[in-house]
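Here's a quick tour of how this model is packed on the inside. Have a look at the fold first, then read on.

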Amino acid sequence: LLHLSVIYFLRARLYCLYSRVRTPDRPPLNLRLVTGELDLPQKSEKKGGKGILRRDWPLKYIERVPALIVLFLDLDWDHSSWLEKKTEAESKCASLRASAGQASRIAVVLLQQRSVPTSGDDPLATERAHELCQICHLTPRQLFVVPMLGDLTGYVSKLESAFHELAQGFYQQKLKTIRARSIPNNSPALVVRQLFKLAFLSELRQDTHTAYRWVVKKNCLDLHYSLYKPD
């Protein structure tokens, strides 16, 4: 299984900085640049069939469904059209949530025309950051500011770590959903499928210990069913 979090970027320049060099010490991320409309797979009606798991299920979480969608906006705290820009941000976030039918996380990065970040005790910045979080339904941990006139290297590193942490929440929620599903009559095939999914998603969030535990349990069940399968 691969160690990665699928993250969609909606800004070309920052994407280039993030994807330029992927060294082993950086968070394991699978980055995608999205310049047009998002085309994400939507939930479909489950169809019965042979086998335990659909062949393309792992690919869905490796390539198709982003754990995090990052929206970059050119917006300074003192922008002359703040109200208009705030409404525009709300609309874009709502559109992204509507497209992300698989509960992908959303983060917003404000690109500001300054060389240093605004002071934390700046009343205007504090007030408008709160407004933006409220109207876009974001927590403070989902809103970031990058001063574009300075050296971006340090910000890239910090944001990358923050994005990776946010992405883990997506996989954690998926794990909770799968664990909460009931298995009719403890069907062996459904139990094995559930254990595989738990192991796979645990690996995606870099929880190798838990992933290994689910794999061992799955293998034990496979052995049990092969030994005691009725003739």
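## Cysteines without partners

Cys-93 is buried, with a relative accessible area of 1%; buried means under 20% relative accessible area, exposed means over 50%, and partly exposed sits in between (1.4 Å probe, protein chains only). Before going further: this is a predicted model, where local features need pLDDT of at least 70, side-chain atom pairs count only at pLDDT 80 or more, and totals for chains, interfaces and linings use all residues. Residues are numbered from 1 along each chain as its sequence is written, and side-chain values use heavy atoms, with hydrogens and water left out.

Back to the sulfurs. A disulfide is a covalent bond between the sulfur atoms of two cysteines. Here the term is applied to a pair of cysteine sulfur atoms within 2.5 Å, and the structure holds zero of them. Cys-93 is in no disulfide, and its nearest cysteine sulfur, in Cys-136, is 4.0 Å away. What about Cys-133, buried or exposed? Cys-133 counts as buried, at 9% relative accessibility. Its sulfur is 8.0 Å from the closest cysteine sulfur, that of Cys-136, which is too far for a bond.

Cys-136 turns up again around Ala-89, a residue of helix H3 (residues 82-99). Leaving aside neighbours within four places in sequence, Ala-89 is in contact with Leu-73, Leu-132 and Cys-136, where contact means heavy atoms within 4.5 Å. Ala-89 counts as buried at 1% relative accessibility. Its C-alpha atom is separated by 9.2 Å from that of Leu-71, 18 residues apart along the chain.

## The overall layout

The protein chain has seven helices and five strands; these are DSSP runs numbered from the N terminus (helices are H or I with at least four residues, strands are E with at least two). Read along the sequence, the pattern is β-α-β-α-β-α-β-α-β-α-α-α. Of the 231 residues in the protein chain, 39% are buried. Among the contacts with a separation of 6 or more, 77% come from residues 24 or more positions apart.

## Two nonpolar cores

A nonpolar core is a set of buried Ala, Val, Leu, Ile, Met, Phe, Trp, Tyr and Cys residues joined through side-chain atoms within 4.5 Å. Which residues touch the most other members of the largest one? In that 27-residue core, they are Val-109, Phe-163 and Leu-201. At least two core residues apiece come from helix H2 (57-64), strand S3 (68-74), strand S4 (105-112), strand S5 (143-147), helix H5 (153-180) and helix H6 (188-204). H5 gives the largest share, eight residues. Domain 1 (7-38 + 50-172) and domain 2 (181-226) both contribute residues, so this core lies between them; the domain bounds come from an automatic or database domain assignment.

Val-109 has plenty of company: beyond four places in sequence, it is in contact with Val-70, Leu-71, Phe-72, Leu-73, Phe-144, Val-146, Leu-159 and Phe-163. There's also a second, separate core of 19 residues, which includes Leu-71, Ala-100, Val-108 and Ala-125.

## H2 and its aromatic rings

In H2, the residues Trp-57, Pro-58, Tyr-61 and Ile-62 are buried. Seen down the axis of H2, the buried residues fall within an arc of 140 degrees, so they line one face of the helix; the arc is that of the directions from the helix axis to the C-beta atoms. As background, an α-helix has 3.6 residues a turn, so residues three or four places apart point the same way.

Two of these residues bring rings into play. Rings of Phe, Tyr and Trp (its six-membered ring) pair if their centres lie within 6.5 Å; planes under 30 degrees apart count as stacked, over 60 as edge-to-face and the rest as tilted. The structure holds eight aromatic pairs, including these:

| Pair | Centre to centre | Angle between planes | Kind |
|---|---|---|---|
| Trp-57 and Phe-196 | 6.4 Å | 65 degrees | edge-to-face |
| Tyr-61 and Phe-170 | 6.4 Å | 50 degrees | tilted |

The Trp-57 and Phe-196 pair links helix H2 to helix H6, 139 residues apart. Trp-57 counts as buried at 8% relative accessibility, while Phe-196 is partly exposed at 27%. Tyr-61 lies in helix H2 and Phe-170 in helix H5, so their pair ties together parts 109 residues apart in sequence. Tyr-61 is buried at 5% relative accessible area, and Phe-170 is buried too, at 1%. Ring pairs link Trp-57, Tyr-61, Phe-170, Tyr-171, Phe-196 and Phe-200 into a cluster.
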